[in-house]
Amino acid sequence: MHGHYKKFDLTNKVAVITGASEGIGRDIAICLAEAGVDIILCSRREEKLLEVKEKVEKTGRKAEIFALDIQNVSEIEGLKAFLKTKKSKVDILINNAGYAVTKPAWDVSENDWDSMIDTGFKGLFFCCQAVGSIMREQGYGKIINLSSTFSKTIMPGRSVYAGIKAGIDHLTEALALEWAPHGIRVNALAPTAVNTPSREATLQGPILEKVLSRIPLGRLATPEDLLGAVIYLSSEASDFVTGQTLFVDGGWTAGS
Ligand SMILES: NC(=O)c1ccc[n+]([C@@H]2O[C@H](COP(=O)([O-])OP(=O)(O)OC[C@H]3O[C@@H](n4cnc5c(N)ncnc54)[C@H](OP(=O)(O)O)[C@@H]3O)[C@@H](O)[C@H]2O)c1
């Protein structure tokens, strides 16, 4: 039983990360680079991606950026073509890009609906398909889809977002089943509220108190809280795990 921890080793792996310009995706990119992974950073804002690229390169690993709007399937096809041109393998896909509108279901507009679904669900699916097809050729790959505690539990104002995240958990199971014969493992990672720049404005006052009252461990998550799970699900240590949603939520779902 010696040396089994080596299965956590990610040296010389290659990861594609969507939503890598800020928040959770940015921190995952830097963490994986520190673990020895070369990174392809994707999101819409090239200037922000360049900042993250610099941070990744400081770890000694390679970073490339590919600016795209994942609401457009043709741009996702562009990412696939870019990866093919590079002739680079892809070991890991982190499907992290997401967009959330918090408002009562009564007030959700068609535009809110389309933006959330096209980014968080349609975009995620077609990233799985595009990058997954490269993994299929390799016969191996790890896909991690960002879900949320709202896939299983709910708070007012999050109807569409919760529906998307529940869909992601089930889609993860469906893809895990279809793609297991190709060596592709598909799992979801479901955090509770994470204090990222985009959430700072919402996570204040009574909402913050309400959220904290549902987290038995008594605090919000930080992006760092997710990194152990990302390393595990990205590495050979989790090779017999597929179709699962791993909750990193300070006990939120257990207590709900
Ligand atoms: N923060 C939380 O409390 C929390 C809790 C549970 C789950 N999550 C999930 O974790 C993921 C990241 O959350 P976060 O808080 O880090 O988000 P965030 O800070 O708002 O960052 C979202 C990222 O997605 C990218 N993005 C948004 N729309 C895009 C589009 N159309 N095309 C390409 N990229 C796009 C953004 O980059 P550009 O603007 O440069 O495109 C940004 O890098 C999301 O899936 C979210 O649902 C978050």
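**Exercise 1.** Classify F126 in this predicted model as buried, partly exposed or exposed, then describe its ring contact with F125.

*Solution.* Start with F126: its relative accessibility is 23%. Buried would need under 20%, and exposed over 50%. F126 is therefore partly exposed. F125, at 25% relative accessible area, is partly exposed as well.

Next, the rings. A pair of aromatic rings is described by the distance of the centres and the angle of the planes. For F125 and F126, the centres are 5.0 Å apart and the planes stand at 90 degrees. Planes over 60 degrees apart count as edge-to-face, so the F125–F126 pair is edge-to-face.

**Exercise 2.** Work out which parts of the chain the F150–W252 pair ties together.

*Solution.* Geometry comes first: F150 and W252 are edge-to-face, 5.9 Å centre to centre, with 90 degrees between the planes. Now place them. F150 lies in the loop between strand 5 (141-146) and helix 5 (159-179). W252 lies in the segment after strand 7 (245-248). The pair therefore ties together parts 102 residues apart in sequence. Both F150 and W252 are buried.

Extend the picture. F150 and W252 share one aromatic cluster with Y161. Over the ring of Y161 sits the charged end of R158, 4.7 Å from the ring centre.

**Exercise 3.** Find the strands that pair with strand 4, and the bridge partners of I92.

*Solution.* Strand 1 (residues 14-18) pairs with strand 4 in the parallel sense, over three bridges. Here A15 partners I92. Strand 5 also pairs with strand 4 in the parallel sense, over four bridges. There K142 partners I92. Last, trace the connection: strand 4, helix 4 (residues 110-138), strand 5, a right-handed β-α-β crossover.

Definitions and conventions. Residues are numbered from 1 along each chain as its sequence is written. This is a predicted model: local features need pLDDT of at least 70, side-chain atom pairs count only at pLDDT 80 or more; totals for chains, interfaces and linings use all residues. Side-chain values use heavy atoms; hydrogens and water are left out. Rings of Phe, Tyr and Trp (its six-membered ring) pair if their centres lie within 6.5 Å; planes under 30 degrees apart count as stacked, over 60 as edge-to-face and the rest as tilted. Buried means under 20% relative accessible area, exposed over 50%, partly exposed in between (1.4 Å probe, protein chains only). Helices (H or I, at least four residues) and strands (E, at least two) are DSSP runs, numbered from the N terminus. A charge sits over a ring if NZ of Lys or CZ of Arg is within 6 Å of the ring centre and within 35 degrees of the ring normal. Two strands pair if DSSP finds at least two bridges between them. A crossover is right-handed if, with the strands pointing away from the viewer, the path from the first strand over the helix to the second runs clockwise.
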